Amino acid sequence: MANMSPLLTFIVILLSSIMINHLPVASSKQWCVSMQTAKDEQLEDNIGFACANGVDCRPILPSGACFKPNTTISHASYLMNSYYEQHGRTNNSCFFFFPNSAMLTSTDPSYNQCIYK
């Protein structure tokens, strides 16, 4: 095997790490959504928490892109994910603030004009 100079070795390592960090990974993004088994009362609390803590709740209003389906679980999922996204997509921002009602998914829950970030 040929010997590489220390400078060339450094450049190869540097360029490799830059390239690796810019490759898209299909399953790396996650969304925080409502568990199917969550109770409506908990989901209503989650909606209130998200709206009171800086999440834009207009998309779930009757004229909003995420109003339909007009269900508690759908509205809560959208707002829980918005909170999760605004707070750095950490486990805490999903599970701590939405206990026993949240789960992470790698399947994009967006539909029609309702886009989950």
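The following dialogue goes through selected features of a predicted model of a protein chain.

Visitor: Which helices and strands does the protein chain have, and in what pattern along the sequence?

Guide: The model is predicted. Its secondary structure comes to 4 helices and 2 strands. Read along the sequence, the pattern is α-β-α-α-α-β.

Visitor: What share of the residues counts as buried?

Guide: A residue counts as buried when its relative accessible area is under 20%. Of the 117 residues in the protein chain, 30% meet that condition. The accessible surface of the chain comes to about 7,900 Å², and carbon and sulfur atoms hold 59% of that surface.

Visitor: How much of the contact set joins residues 24 or more positions apart?

Guide: Taking contacts with a separation of 6 or more, residues 24 or more positions apart account for 69% in this chain. For a single pair, take Asp-45 and Phe-98: they are 53 residues apart along the chain, and their C-alpha atoms are separated by 8.8 Å.

Visitor: Where does Asp-45 sit, and which patch does this residue belong to?

Guide: Asp-45 has its place in helix α2. Together with Asp-40, Glu-41 and Glu-44, Asp-45 forms a negative surface patch. Asp-40 also lies in helix α2, which covers residues 40-52.

Visitor: Are Asp-40 and Asp-45 buried or exposed?

Guide: A patch member needs over 30% relative accessible area and no salt bridge. Asp-40 has a relative accessible area of 44%, so this residue is partly exposed. Asp-45, at 47%, counts as partly exposed as well.

Visitor: How many salt bridges does the structure hold, and which residues form one?

Guide: Side chains of opposite charge can pair when their charged atoms come close. The structure holds 1 salt bridge. Arg-58 forms this bridge with Asp-56, and the closest N and O atoms are 2.9 Å apart. The cut-off for such a pair is 4 Å.

Visitor: How accessible are Arg-58 and Asp-56?

Guide: Arg-58 counts as exposed because its relative accessibility is 58%. Asp-56 has 35%, and therefore counts as partly exposed.

Visitor: Where is Ser-74, and which residues is Ser-74 in contact with?

Guide: Ser-74 has its place in helix α3, residues 72-86. With a relative accessibility of 11%, Ser-74 counts as buried. Leaving aside neighbours within four places in sequence, its contacts are Pro-69, Tyr-111 and Tyr-116.

Visitor: What kind of peptide bond joins Lys-68 and Pro-69?

Guide: The value to read is omega, which is about 0 degrees for this bond, and the bond is cis. Pro-69 is found in the loop between α2 and α3. This is the proline that is in contact with Ser-74.

Visitor: Which residues other than glycine have a positive phi?

Guide: Asn-100 is one of them, with phi of about 55 degrees. Asn-112 is another, with phi near 45 degrees.

Visitor: Where are Asn-100 and Asn-112, and are they buried or exposed?

Guide: Asn-100 is in the loop between α4 (91-96) and β2 (102-105). Its relative accessible area is 72%, so Asn-100 is exposed. Asn-112 lies in the segment after β2. Asn-112 also has a relative accessible area of 72% and is therefore exposed.

Note on methods: Residues are numbered from 1 along each chain as its sequence is written. This is a predicted model: local features need pLDDT of at least 70, side-chain atom pairs count only at pLDDT 80 or more; totals for chains, interfaces and linings use all residues. Side-chain values use heavy atoms; hydrogens and water are left out. Buried means under 20% relative accessible area, exposed over 50%, partly exposed in between (1.4 Å probe, protein chains only). Contact means heavy atoms within 4.5 Å. Accessible areas come from the Shrake-Rupley method with a 1.4 Å probe; for residues, only the protein chains shown count as cover. Patches are made of residues with over 30% relative accessible area and no salt bridge: like charges are joined within 9 Å, nonpolar side chains (Val, Leu, Ile, Met, Phe, Trp, Tyr) within 5 Å. A salt bridge is a side-chain nitrogen of Lys or Arg within 4 Å of a carboxyl oxygen of Asp or Glu. Lys and Arg count as positive and Asp and Glu as negative; His and the chain ends are not counted. The place of a charge is taken as NZ of Lys, CZ of Arg, CG of Asp or CD of Glu.
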